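Please describe how the strands, the core and the cysteines of this model fit together. A careful account with one small table would serve best.

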Amino acid sequence: QVQLVESGGGLVQAGGSLRLSCAASGSTFRFDSMGWYRQAPGKQRDLVATVSRGGSTNYADAVKGRFTISRDNAKNTVYLQMNSLKPEDTAVYYCRALMHRVYWGQGTQVTVSS
């Protein structure tokens, strides 16, 4: 049974940095795509960034130049380095992985204070 476990969320001041990690367990196969989505209170869940198995990346316009996604295929782990954080980045961040079907993590809270 595949499980995604996120870590690294927390409270940070505007302009600060956080690094999120998402480790996948229960599978020895590499995921096709891994990524991060976020959901602010009262809003829909939106894409933040994705990375393919080969390393191609895709970012939401709101985070381009500030966030960097990366993955370690050997560890089935995806990371999100978040710099220059803004209060509008406050949300629950969810890890997503695709391999025959979509898997979601439980989410980790990121709060950016002004």
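The largest nonpolar core has 30 residues, and those with the most contacts inside it are Phe31, Trp36, Leu80, Met82 and Tyr93. A nonpolar core is here a set of buried Ala, Val, Leu, Ile, Met, Phe, Trp, Tyr and Cys residues joined through side-chain atoms within 4.5 Å, and buried means under 20% relative accessible area, with exposed set at over 50% and partly exposed in between (1.4 Å probe, protein chains only). At least two residues of this core come from each of β3, β4, β5 (46-52), β7, β8, β9 and β11, and β9 gives the most, with five residues. In soluble globular proteins, nonpolar side chains tend to be buried together.

The model is a predicted one, in which local features need pLDDT of at least 70 and side-chain atom pairs count only at pLDDT 80 or more, whereas totals for chains, interfaces and linings use all residues. Residues are numbered from 1 along each chain as its sequence is written, and side-chain values use heavy atoms, with hydrogens and water left out.

Methionine 82, leaving aside its neighbours within four places in sequence, is in contact (heavy atoms within 4.5 Å) with Gly16, Ser17, Leu18, Leu20, Arg66, Phe67, Tyr93 and Val110.

Strand β9 (residues 91-99) has seven of its nine residues buried, so it is largely enclosed by the rest of the structure. Strands, like helices, are DSSP runs numbered from the N terminus (E, at least two residues, for strands; H or I, at least four, for helices), and two strands pair if DSSP finds at least two bridges between them. The pairings of β9, together with that of β7 and β8, are listed below.

| Strands | Bridges and sense | One bridge pair |
|---|---|---|
| β4 (residues 33-39) and β9 | seven, antiparallel | serine 33 and leucine 98 |
| β9 and β10 (residues 101-104) | four, antiparallel | alanine 97 and tyrosine 103 |
| β9 and β11 (residues 108-113) | three, antiparallel | tyrosine 93 and threonine 108 |
| β7 and β8 (residues 77-82) | six, antiparallel | isoleucine 69 and leucine 80 |

The hairpin of β9 and β10 has one residue between the strands, and histidine 100 takes a positive phi near 70° there.

An open sheet of four strands follows the order β1-β3-β8-β7, with antiparallel pairing. Its edges are β1 (3-7) and β7, each with a single partner strand, so one side of each is left without a neighbour in the sheet. From one strand to the next the twist averages 15°, where axes are lines fitted to C-alpha atoms (for helices over the stretch in contact) and angles run from 0 to 180 degrees between N-to-C directions.

If a disulfide is taken as a pair of cysteine sulfur atoms within 2.5 Å, the count comes to one. It joins cysteine 22 to cysteine 95, with an S to S distance of 2.1 Å, and the link is left-handed, with -80° about the S-S bond. Cysteine 22 lies in strand β3 (residues 18-25) and cysteine 95 in strand β9, so the pair ties together parts that are 73 residues apart in sequence. Cysteine 22 is buried, with a relative accessible area of 0%, and cysteine 95 is buried, with a value of 0%.

Alanine 60 lies in the loop between β6 (57-59) and β7 (67-72) and is buried, with a relative accessible area of 18%. Beyond its neighbours within four places in sequence, alanine 60 is in contact with Leu47 and Val48, while its C-alpha atom is separated by 27 Å from that of serine 25, which is 35 residues apart from it along the chain.
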